[in-house]
Amino acid sequence: MDFTISRTAKIVEKALDGLSARHKALSANIANAQTSDYTRSDVIFEDQLQNIVAMENIKEDVKLQNSKLPLMVNYSQADLILKSNPYKDYAPDTVIDTDSPIITNGNNVNLEVEMVELSKNASKYNVLAQLEGKYFSSLLEQIKSASNL
């Protein structure tokens, strides 16, 4: 099995979690557009995903270095890196937006901006969900063809 694809599937799963949380926040913002003194919120997770990708890349580099002779990697450091789990602390962060201007009813929700962001977010989610679906369909086909051998 190709571990790079498996790694990608895990990262896509985390991205879908973040996009889903953002969708809920944007929906709440839209629902409260006319609520007095409501403060909009957003969800941030992209930096965490970039850190996961960076850590996974480091793990791949360590594996590559360990496969070469002569071995040049510090075993204890390599062991720590290879055993690390960059996914375990992943949690999309909900943040309160105090920077957007407050409008007449005391809240800071711009309905047009929220609708555009909701549409962009849904598009990103759909693309990633389709990619993940194709990955699992391909995996299923591999399993079926292997069972026919």
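## A walk through the chain, starting at Leu 118

Leaving aside residues up to four places away in sequence, Leu 118 touches His 23, Leu 26, Ser 27 and Ile 30. Let's use that set of contacts as our way in. Keep in mind as we go that this is a predicted model. Leu 118 is a residue of helix α4, and it counts as buried because its relative accessibility is 17%, under the 20% cut-off. One of its partners, Ile 30, lies 88 residues away along the chain, yet the C-alpha atoms of Leu 118 and Ile 30 are separated by 9.2 Å.

Now step back to see the whole chain. How many helices and strands does the secondary structure of the chain come to? There are four helices and two strands. Reading from the N terminus, the order of the elements is α-β-α-α-β-α. Partners distant in sequence, such as Leu 118 and Ile 30, fit into a broader picture: among contacts between residues at least 6 apart in sequence, 78% join residues at least 24 apart. The chain has 149 residues, and buried ones make up 28% of them. Its accessible surface comes to about 10000 Å², with 58% of that belonging to carbon and sulfur atoms.

Let's stay with helix α4, which spans residues 111-147, and move along to Leu 128. Apart from residues up to four places away in sequence, Leu 128 touches Val 12, Ala 15, Leu 16 and Leu 19. Take Ala 15 as an example: 113 residues separate Ala 15 from Leu 128 along the chain, while their C-alpha atoms are separated by 8.1 Å.

Leu 128 also brings us to the interior. In soluble globular proteins, nonpolar side chains tend to be buried together. Here, the largest nonpolar core has 13 residues, and those with the most contacts inside it are Ile 11, Phe 45, Leu 49, Ile 52, Tyr 90 and Leu 128. Both α1 and α2 supply at least two residues of this core, and the largest share, six residues, comes from α1. For a closer look, try Ile 52: beyond residues up to four places away in sequence, Ile 52 touches Ile 11, Pro 86, Tyr 87 and Tyr 90.

Tyr 90 has another partner worth a look, Asp 17 in helix α1. Not counting residues up to four places away in sequence, Asp 17 touches Tyr 90 and Pro 92. Asp 17 and Tyr 90 are 73 residues apart in sequence and 9.9 Å apart in space, C-alpha to C-alpha. Is Asp 17 buried, exposed or partly exposed? Asp 17 counts as partly exposed, because its relative accessibility is 37%.

Next, follow the chain into the loop between α1 and β1, where two charged residues make a nice contrast. Arg 40 is found in this loop, and at 11% relative accessibility Arg 40 counts as buried. What does Arg 40 touch, not counting residues up to four places away in sequence? The list is Leu 26, Asn 29, Val 95, Ile 96, Asp 97, Ser 100, Asn 108, Val 109 and Glu 114. Leu 26 is a name you have met already, as one of the partners of Leu 118. The C-alpha atom of Arg 40 is also separated by 8.1 Å from that of Thr 98, a residue 58 places away along the chain.

Asp 37 sits in the loop between α1 and β1 (41-44) too. At 61% relative accessibility, however, Asp 37 counts as exposed. Its backbone deserves a glance as well. Most residues other than glycine have a negative phi. Asp 37 has a positive one, near 65°.

Our last stop is the largest pocket, which has a volume of about 180 Å³. Of the 13 residues that line this pocket, the closest to its centre are Arg 7, Lys 10, Glu 56, Lys 59 and Lys 63. Which helices each supply at least two residues of the lining? They are α1 (3-31) and α2 (46-66), two helices that each supply at least two residues of the largest nonpolar core as well. By class, the lining holds six charged, four nonpolar and three polar residues.

How values were computed. Residues are numbered from 1 along each chain as its sequence is written. This is a predicted model: local features need pLDDT of at least 70, side-chain atom pairs count only at pLDDT 80 or more; totals for chains, interfaces and linings use all residues. Side-chain values use heavy atoms; hydrogens and water are left out. On a 1 Å grid over the protein atoms alone, a cavity is a set of points where a 1.4 Å probe fits but cannot get out, and a pocket is an open set with protein on both sides within 12 Å along at least five of seven lines; lining residues have an atom within 4 Å of a point. Grid points are joined across faces, edges and corners, and a volume is the space filled by probe spheres set on the points. Ala, Val, Leu, Ile, Met, Phe, Trp, Tyr, Cys and Pro count as nonpolar, Asp, Glu, Lys and Arg as charged, and the others, Gly among them, as polar. Buried means under 20% relative accessible area, exposed over 50%, partly exposed in between (1.4 Å probe, protein chains only). Contact means heavy atoms within 4.5 Å. Accessible areas come from the Shrake-Rupley method with a 1.4 Å probe; for residues, only the protein chains shown count as cover. A nonpolar core is a set of buried Ala, Val, Leu, Ile, Met, Phe, Trp, Tyr and Cys residues joined through side-chain atoms within 4.5 Å.
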